[in-house]
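Trainee: Could you pick one part of this model and go through it closely with me? I'd like to see how that part sits against everything around it.

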Amino acid sequence: NWGYQAAQQAALSGISNGRDWASLLSPPCAGGPPPIRLVSATAQSATVSLLQREMTLRGISNYTYDVRVLPDYGGGTISGYPPLPTRLGAGRGNWTSSEPAVGVYLSFPVSTFLMSFVGRSTVQISVFASAGVDQPDGACSP
């Protein structure tokens with residue numbers, strides 16, 4: 001649960017800090033407010049920064065992560081992501097979002113007590129979480 005929450009909070013940090021506020025300052029289009037985009041580099045940096053802090057707080061140094069950003073107004077699809085099976089998933093798939101979003105795949109070892117009796121003192125945990133930017137009501141297409 002902690003790994004999933006860390007990935008989820010990191011994704012939320014990415015969409016919060018990575019919003020392209022300049023896109024909201026552009027002239028309004030006919031039919032409503034402009035939709036929100038993400039600045040990929042900013043969103044990714046904020047996500048990775050929070051994820052690294054969380055792992056450091058837990059004293060975990062041998063972990064891997066893969067952060068992806070869908071910056072466009074209408075989101076998109078990334079094939080084969082997450083790259084490996086996750087805690088709640090059956091395998092690789094296609095990550096799809098209909099809004100700008102940040103996806104976080106995190107994998108790390110966890111020490112176990114019971115599994116050590118069968119020669120496996122650690123197990124690898126893999127989790128995936130994503131967060132998206134809800135578009136304003138009535139947002140028009142760019």
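Mentor: Accessible areas here come from the Shrake-Rupley method with a 1.4 Å probe, and for residues only the protein chains shown count as cover. On that basis the chain exposes about 7,800 Å², and carbon and sulfur atoms supply 53% of that area. Bear in mind that this is a predicted model, where local features need pLDDT of at least 70 and side-chain atom pairs count only at pLDDT 80 or more, while totals for chains, interfaces and linings use all residues. Numbering starts from 1 along each chain as its sequence is written, and side-chain values use heavy atoms, with hydrogens and water left out.

Let's pick helix H1, but set the scene before that. The chain has three helices and five strands (DSSP runs, H or I of at least four residues for helices and E of at least two for strands, numbered from the N terminus). Going from the N terminus, they follow the order α-α-α-β-β-β-β-β. Of the 142 residues, 39% are buried (under 20% relative accessible area with a 1.4 Å probe, protein chains only; exposed is over 50%, partly exposed in between).

H1 covers residues 2-17, and its end C-alpha atoms are 22 Å apart. That agrees with the 22 Å its 16 residues should span at 1.5 Å a residue (1.5 Å times one less than the number of residues).

Now for what H1 hides: Trp 2, Gly 3, Ala 6, Ala 7, Ala 10, Ala 11, Ser 13, Gly 14 and Ile 15 are its buried residues. They pack against helix H3 (40-57), strand E4 (101-111) and strand E5 (122-132) (contact is heavy atoms within 4.5 Å). Take Ser 13: it counts as buried because its relative accessibility is 11%. Leaving out residues up to four places away in sequence, Ser 13 touches Gly 18, Ala 46 and Leu 50.

What does H1 lie on? H1 lies across E4 and E5, at about 30 degrees to E5 (axes are lines fitted to C-alpha atoms, for helices over the stretch in contact; angles run from 0 to 180 degrees between N-to-C directions). H3 packs on the sheet as well, touching E1 and E4, and its direction makes about 155 degrees with that of E1.

That sheet is open, with three strands in the order E1-E4-E5 and antiparallel pairing (strands pair if DSSP finds at least two bridges between them). E1 (64-70) and E5 are the edge strands, each with a single partner, so one side of each has no neighbour in the sheet. On average, neighbouring strands are turned by 15 degrees against each other, direction ignored. Seven bridges join E1 to E4, and Asp 66 stands opposite Tyr 105 in E4.

Back to what H1 brings to the interior. The largest nonpolar core (buried Ala, Val, Leu, Ile, Met, Phe, Trp, Tyr and Cys joined through side-chain atoms within 4.5 Å) has 25 residues. Met 55, Val 102, Val 104, Leu 106 and Phe 108 touch the most other members. H1, H3, E1, E4 and E5 each give two or more residues to this core, and H1 gives the most, with six. Val 104 shows the meeting point nicely: the residues it touches include Ala 7, Ala 10, Ala 11, Leu 51, Val 67 and Val 127. Apart from this core lies another, of seven residues, among them Leu 70, Tyr 81, Ala 101 and Tyr 105.
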